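Grab a pencil and work through these short exercises with the structure open beside you. Try each task before you read its solution.

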Amino acid sequence: MFGCTREQIIGKQPYKFSPEVQPDGRNSREKAREKINAAFRGQPAVFEWKHNRYDGTLFDAEVSLNAFSNKGVYYLQAIVRDITARKQAEEALKNSEAKISRYS
C-alpha cells in the first residue's frame, strides 16, 4: 500500500508517510501525536488520514490505533486501510446529487 518494503516503514513515525498538512488544515505531525497520545491513554481511535506512498503520491486511508502492553513494554498497533476508491465513489455521488438537484 505504501509502495515500500517492510523495513522501510516499520518503526517509523506516521507523519513520515504523511503530507505536512492534513485536509483539515492541521499539521500532520501535531495531529499524529495527539492521536497516538490518546491511544496510549486508552482511547482507541478510527479516523481518516491522508498518507504519502514511498514515492510521494497521496492516498486516502482509514487508520485504527490501539495501544497495548506486553510484559511492561507499551506498543502502538496501527491498522491502515486504503480507502481511495471509497472516497472517489463518495465524491462522484456528491457530484451526481448536485447535478440532479440543479435539474429538479
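**Exercise 1. Find what share of the chain's residues count as buried.**

Keep in mind that you're looking at a predicted model. Step one: a residue counts as buried when its relative accessible area is under 20%. Step two: apply that to the 104 residues of the chain, and 24% count as buried. Step three: turn to the surface itself, which comes to about 7500 Å², with 51% of that belonging to carbon and sulfur atoms.

**Exercise 2. List the elements in order, then work out whether the chain is spread out or a compact globule.**

Start by counting: you should get three helices and three strands. Walking from the N terminus, the order is α-α-β-β-β-α. Next, take the radius of gyration, which is 17 Å, and set it against the 13 Å that the globule rule gives for 104 residues; the chain's value is well over that, so the chain is more spread out than a compact globule. Now check the box: along the principal axes, the C-alpha atoms fill roughly 65 × 30 × 20 Å. Finally, look at contacts between residues at least 6 apart in sequence: 37% of them join residues at least 24 apart.

**Exercise 3. Place Phe 40 in the chain and decide how exposed it is.**

First, locate Phe 40: it sits in helix 2, which covers residues 28-40. Second, recall that partly exposed lies between the buried limit of 20% and the exposed limit of 50%. Phe 40 has 40% relative accessibility, so it counts as partly exposed. Third, look for its partners: Phe 40, Tyr 74 and Leu 76 make a nonpolar surface patch of about 310 Å².

Notes
Residues numbered from 1 in each chain as written. Predicted model: local features only at pLDDT ≥ 70, side-chain atom pairs only at ≥ 80, totals over all residues. Heavy atoms only, no water. Patch = residues over 30% accessible without salt bridge, like charges linked within 9 Å, V, L, I, M, F, W, Y side chains within 5 Å. Areas by Shrake-Rupley, 256 points an atom, 1.4 Å probe, with all protein chains shown as cover. Salt bridge = Lys/Arg side-chain N within 4 Å of Asp/Glu carboxyl O. Helix = DSSP H or I, 4+ residues; strand = E, 2+ residues; numbered from the N terminus. Buried < 20%, exposed > 50% of the residue type's maximum accessible area, 1.4 Å probe, protein only. Rg over C-alpha atoms; globule rule 2.2 N^0.38 Å. Contact = heavy atoms within 4.5 Å.
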